[in-house]
Amino acid sequence: MVLCGSCDLAVQKRALPSGVRALCPRCHTALYHTPYCSINGMLALCLTAIILFAPANMLPVLDLQFLGSYRTTTVIEGALAVASQGFPIVGLAVLVAAVVGPGLLILSILLQILIVKYALNTRIGKWLLKCLLQQQSLLSQLSMLEIYVISFLVTAFQLSDFADIHFDLGTFCFTMLFLSVLFLMREYDLEHMWSYLDE
């Protein structure tokens, strides 16, 4: 049974074809759906995100020219700069939300996919998958790439009135990382991953 989040109608849950979403018969709110993407599709998105993770965080994202001075910064350097200017908690929050959280989230999903594909029949595989699924909500909350991207763009456009701003290769990698994680999380379904343990 599934309880509708809008009108509280209890609906019998049934298996759906791929790409189909179940709607509440009373208020037409989306109840559940099957993932549009297969495990192999999620694996491809996950590997793409892992490949982009290092250059997105290590390469300069911004070139700033102001009154003859020229500065570049990376995501990690930005977080450390905030901390060194007397805001250690804010710097730590930026580091966790933009670097540590997304990295752990991507690794967790990659491990889940690999276990489902290759080690679901083993006892340790099931135990590890259960542990990862139990921590998935926490890791999803720690990862806030979208907030970082929005704040980064707003800051860049505000600074463009006073200085010459140039986006660098790190900007492209970080944007692609954001899109990869965005599509990965769109395809990832925690309830669907739990169902592998019941099979």
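This is a short tour of one protein chain, moving from its overall outline to its nonpolar cores.

The model is predicted, so that local features need pLDDT of at least 70 and side-chain atom pairs count only at pLDDT 80 or more, while totals for chains, interfaces and linings use all residues. Residues are numbered from 1 along each chain as its sequence is written, and side-chain values use heavy atoms, with hydrogens and water left out.

Begin with the whole chain coloured by pLDDT (the predictor's confidence in each residue, from 0 to 100), whose mean is 85, with 96% of the residues reaching 70 or more. Select strand 5 (residues 62–66), where the mean is lowest at 77, and then helix 1, where it is highest at 92; helices (H or I, at least four residues) and strands (E, at least two) are DSSP runs, numbered from the N terminus. In total there are seven helices and seven strands.

Next, show the C-alpha trace, which spans about 65 × 45 × 30 Å along its principal axes.

Now select helix 1 (39–58), helix 3 (88–119), helix 4 (123–142), helix 5 (145–159), helix 6 (169–187) and helix 7 (190–198), each of which supplies at least two residues of the largest nonpolar core. This core (buried Ala, Val, Leu, Ile, Met, Phe, Trp, Tyr and Cys residues joined through side-chain atoms within 4.5 Å, where buried means under 20% relative accessible area with a 1.4 Å probe, protein chains only) has 40 residues, and helix 3 gives its largest share, nine residues.

Centre on Leu 177, which, together with Met 193, has the most contacts inside that core. Leaving aside neighbours within four places in sequence, Leu 177 is in contact (heavy atoms within 4.5 Å) with Ala 49, Leu 52, Phe 53, Ala 56, Ile 106 and Leu 145.

Finish at a second, separate core of seven residues, including Val 2, Val 11, Ala 22 and Cys 24.

Methods:
Buried < 20%, exposed > 50% of the residue type's maximum accessible area, 1.4 Å probe, protein only.
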